[in-house]
Each structure stands twice: as structure tokens, then as C-alpha cells.
Amino acid sequence: MFPKIFKLFIAGLITITGVWQFTESNIGNGIFLLLLSLIPIFLYFKNEFILLAFLKLRKQDFEGAKKWLSYIKNPESALVRKQQGYFNYLHGIMLSQTNINQSEKYFKKAIELGLSMDMDLAVAKLNLAGVAMTRRRKLEATNLLNEAKRLDKQNMLADQIKMMKEQMKKI
């Protein structure tokens with residue numbers, strides 16, 4: 001795994017080569033190289049391993065997603081802040097299937113680092129509410145459920161939120 005600055009360095013080299021091609025009257029090569037330099041810039045903001053892990057999770061392949069995430073050895077140097085949030089978010093989702101208590105740590109870190117989409121933030125808060133409910137922290141679970149409901153603008157989590165509120169009445 002390359003440090004994130006390496007991707008910007010590669011983009012800079014390709015851009016300089018593209019500009020040099022323009023000065024040599026090779027316009028086609030220059031345009032191609034400038035377009036090619038957009039790939040490392042895109043991968044700076046959207047890490048390729050996180051994208052591949054999301055694709056595996058979409059197919060419910062948790063082992064494949066874990067494999068792709070394992071390629072990221074040092075997330076602090078390899079990922080920008082939002083990507084670190086999604087790195088922890090993905091680990092939290094995978095661990096919520098097996099060890100919900102350990103997934104709490106990852107979801108809290110993901111919320112702290114920030115997630116781009118409100119739906120992802122709502123899912124993280126819903127999972128944290130489930131953890132709080134299992135630990136009999138009703139007030140914290142209620143607050144997290146209300147935040148998840150506020151963030152869920154498409155009402156995709158409405159059934160889960162409703163079900164958790166029903167379960168909280170039994171506590």
C-alpha cells in the first residue's frame with residue numbers, strides 16, 4: 001500500500017509530462033496524459049481497496065471485503081480522514097455480524113472521523129444504538145435512534161428503527 005502523497009506525486013509527474021508533450025507539439029499525447037493524471041487524483045480521494053471492499057460487501061461477501069481491507073496496513077498514512085472513517089465503518093459492519101461489542105469501537109471511530117453520506121452515518125448510529133440497548137443504556141440508545149431517524153431521509157431504516165423502539169419498551 002502506497003502512502004497517499006505518492007498518488008499525488010505520480011499525478012504531478014504525469015501532468016508535467018503532459019505539459020511537456022504540449023510544448024513538443026504532441027497535443028494528442030498531452031491531452032491523454034492530462035486525462036490519465038486524473039486517475040491517481042481520483043484514487044487519492046477514493047481509495048481503491050475501500051471501493052473494492054464496498055463491492056464485496058454489496059454481494060454479502062464478508063471474507064472478500066475483509067481481504068481487501070487487510071491490504072491497508074497503516075490507514076493513517078495511506079488514507080485521507082473521510083476514508084479512515086469508511087475504513088472503520090466497514091470493519092464495524094463486518095464485526096457487527098459476529099462480535100457486536102467489538103464493532104462498537106469501530107463505529108464510534110468512524111463517526112468521529114466522519115462519513116460523507118448521511119445514510120452511512122445513520123447505519124453507524126443505529127448499530128451503536130443496538131449495542132447500547134444490549135448493555136441496558138436506554139437513554140443513550142434513544143438518543144442514537146433519534147439521530148439515526150433524523151439522518152435517514154429516504155426512510156430506508158424506518159423498519160429497523162421502529163423495531164428497536166419496540167424492543168426498548170421491553171427493557
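## A first look at an all-helix model

Among contacts in the protein between residues at least 6 apart in sequence, 56% join residues at least 24 apart. Keep in mind that this is a predicted model.

What is the chain built from? Going along the sequence, the pattern reads α-α-α-α-α-α-α-α-α-α-α, which comes to 11 helices and 0 strands. The radius of gyration is 21 Å, well over the 16 Å that the globule rule gives for 171 residues, so the protein is more spread out than a compact globule. Put a box around the C-alpha atoms along the principal axes and you get roughly 75 × 30 × 25 Å.

Now for the surface. The accessible surface comes to about 10,400 Å², and 61% of that belongs to carbon and sulfur atoms. Of the 171 residues, 40% count as buried. As for charge, the protein carries 26 positive and 14 negative charges, and the mean positions of these two groups are 4 Å apart.

On to the inside. In soluble globular proteins, nonpolar side chains tend to be buried together. Here, the largest nonpolar core has 37 residues, and Ile-50, Leu-69 and Tyr-89 are those with the most contacts inside it. Helices H4 (48–58), H5 (62–70), H7 (81–96), H8 (100–113), H9, H10 and H11 each give two or more residues to this core. Which helix gives the largest share of the core? That would be H9, with 10 residues.

Leu-69 is a good place to zoom in. Leaving aside residues up to four places away in sequence, Leu-69 touches Ile-50, Ala-53, Phe-87, Leu-90, His-91 and Met-94. One of these partners, Ile-50, is also listed with Leu-69 among the residues with the most contacts inside the core.

Finally, have a look at two loop residues with backbone angles worth checking. Arg-136 has a positive phi although it is not a glycine, and Asn-155 also has a positive phi without being a glycine. Are they buried or exposed? Over 50% relative accessible area counts as exposed, so Arg-136, at 62%, is exposed, and Asn-155, at 56%, is exposed too. Here they are in one place:

| Residue | Phi | Loop | Relative accessible area |
|---|---|---|---|
| Arg-136 | about 65° | between H9 (118–134) and H10 (138–151) | 62% |
| Asn-155 | about 55° | between H10 and H11 (158–169) | 56% |

The helices on either side of these loops, H9, H10 and H11, are also among the elements that give two or more residues to the largest nonpolar core.

How values were computed. Residues are numbered from 1 along each chain as its sequence is written. This is a predicted model: local features need pLDDT of at least 70, side-chain atom pairs count only at pLDDT 80 or more; totals for chains, interfaces and linings use all residues. Side-chain values use heavy atoms; hydrogens and water are left out. Helices (H or I, at least four residues) and strands (E, at least two) are DSSP runs, numbered from the N terminus. The radius of gyration is taken over C-alpha atoms; the globule rule is 2.2 Å times the number of residues to the power 0.38. Buried means under 20% relative accessible area, exposed over 50%, partly exposed in between (1.4 Å probe, protein chains only). Contact means heavy atoms within 4.5 Å. Accessible areas come from the Shrake-Rupley method with a 1.4 Å probe; for residues, only the protein chains shown count as cover. Lys and Arg count as positive and Asp and Glu as negative; His and the chain ends are not counted. The place of a charge is taken as NZ of Lys, CZ of Arg, CG of Asp or CD of Glu. A nonpolar core is a set of buried Ala, Val, Leu, Ile, Met, Phe, Trp, Tyr and Cys residues joined through side-chain atoms within 4.5 Å.
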